[in-house]
Amino acid sequence: MRLLLVEDNVPLADELLAGLQRQGYAVDWLADGRDAAYQGCSEPYDLIILDLGLPGLPGLEVLAQWRAAALAIPVLILTARDSWAERIEGLKAGADDYLSKPFHPEELYLRIQALLRRSHGHANQPTLQAAGLHLDEGRQCVLRDGAEIQLTAAEFRLLRYFMLHPEQILSKSHLAEHLYDGETERDSNVLEVHVNHLRRKLGRSVIETRRGQGYRFGAAPA
Ligand code: CA
């Protein structure tokens with residue numbers, strides 16, 4: 001999953017970037033509200049974390065512009081401590097969730113996981129489940145019939161994307177856009193290698209190849 005982090009406090013942004021990357025997210029970082037207003041609409045993000053106090057353009061304005069442009073992806077706002085007025089204005093402007101500073105990174109991670117499940121129609125699940133698999137996002141492993149299957153960081157990122165989009169045909173370029181940040185070179189051969197590793201661990205039929213179209217997860221009988 002690819003996230004946009006909009007935060008002008010550099011030490012906090014650095015800490016969040018590192019933490020989110022450890023959680024297996026591809027993250028682009030911006031500090032300026034004007035840049036965020038533009039880039040949020042032009043890149044295919046899965047979720048946006050938006051600070052409200054920003055140079056260039058206030059976060060509330062940025063959010064209002066995104067929603068006016070029909071950008072429907074989940075937005076979690078970061079608000080000043082105890083500012084109920086900011087939280088209310090943010091929710092009115094179309095935020096899906098908020099966190100008040102200071103917060104524990106773990107709370108941010110759990111809220112992101114829940115928002116992503118909810119926005120992909122998995123709202124009823126306390127953990128991500130699809131095709132008989134349970135993904136443990138905290139420990140980055142997968143469970144099937146109670147047995148734990150270990151994953152590399154790259155396999156975990158790819159499997160999470162597949163499990164949030166079961167039975168959809170996903171092209172390699174689409175997958176690359178959502179698994180790598182804007183700075184990383186995208187190599188579809190690497191994706192193919194990870195798909196094959198996942199098949200070796202989970203069974204060939206878990207990921208189907210659609211020639212000329214891409215991959216489809218969780219469609220064929222196991
Ligand atoms: Ca700020």
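Start by selecting Tyr215: this residue is buried, at a relative accessible area of 4%. Keep in mind as you click around that you're looking at a predicted model.

**Stop one: the aromatic cluster**

With Tyr215 still highlighted, add Phe162. Phe162 is buried too, at 0% relative accessibility. What kind of aromatic pair do Phe162 and Tyr215 form? Turn the view until you see one ring plane end-on: the pair is edge-to-face, with 6.5 Å centre to centre and 90° between the planes. Now colour by secondary structure. Phe162 sits in helix 6 (residues 153–164) and Tyr215 in strand 12 (residues 214–217), so this contact ties together parts that are 53 residues apart in sequence.

Next, bring in Phe217. How far apart are the ring centres of Phe162 and Phe217? Draw the distance and you should get 5.8 Å; the planes are at 15°, so this pair is stacked. Here again distant parts of the chain are linked, with Phe162 in helix 6 and Phe217 in strand 12, 55 residues apart. Both of these phenylalanines are buried.

Show the three residues together: Phe162, Tyr215 and Phe217 make up one aromatic cluster. The structure holds two aromatic pairs, and you have now visited Phe162–Tyr215 and Phe162–Phe217.

**Stop two: a charge over a ring**

Select Arg160 and Tyr25. The charged end of Arg160 sits over the Tyr25 ring, 4.0 Å from the ring's centre.

**Stop three: the calcium ion**

Click on the calcium ion and show its protein neighbours. Which residues are its protein donors? They are Asp8 and Asp51, each through OD, and Gly53 through O, at 2.2 to 2.3 Å from the ion. Along the chain, the donors follow the spacing D-x42-D-x1-G. Trace the backbone from either end of that pattern: Asp8 is in the loop between strand 1 (2–6) and helix 1 (10–22), while Gly53 is in the loop between strand 3 (47–51) and helix 3 (59–68), so the two tie together parts 45 residues apart in sequence.

Switch on a surface here. Asp8 is partly exposed, with a relative accessible area of 31%. Gly53 is partly exposed as well, at 46% relative accessibility.

**Last stop: the cysteines**

How many disulfides does the structure hold? Zero. Select Cys41 and Cys141 anyway, and keep the surface on. Is Cys141 buried or exposed? Cys141 counts as buried, at 0% relative accessibility, whereas Cys41 is partly exposed, with a relative accessible area of 40%.

Technical notes
Residues numbered from 1 in each chain as written. Predicted model: local features only at pLDDT ≥ 70, side-chain atom pairs only at ≥ 80, totals over all residues. Heavy atoms only, no water. Disulfide = S-S within 2.5 Å. Buried < 20%, exposed > 50% of the residue type's maximum accessible area, 1.4 Å probe, protein only. Donors = N, O, S within 2.8 Å, 3.2 Å for Na, K, Ca; no water. Helix = DSSP H or I, 4+ residues; strand = E, 2+ residues; numbered from the N terminus. Phe/Tyr/Trp six-rings, centres within 6.5 Å; stacked < 30°, edge-to-face > 60°. Lys NZ or Arg CZ within 6 Å of the ring centre and 35° of its normal.
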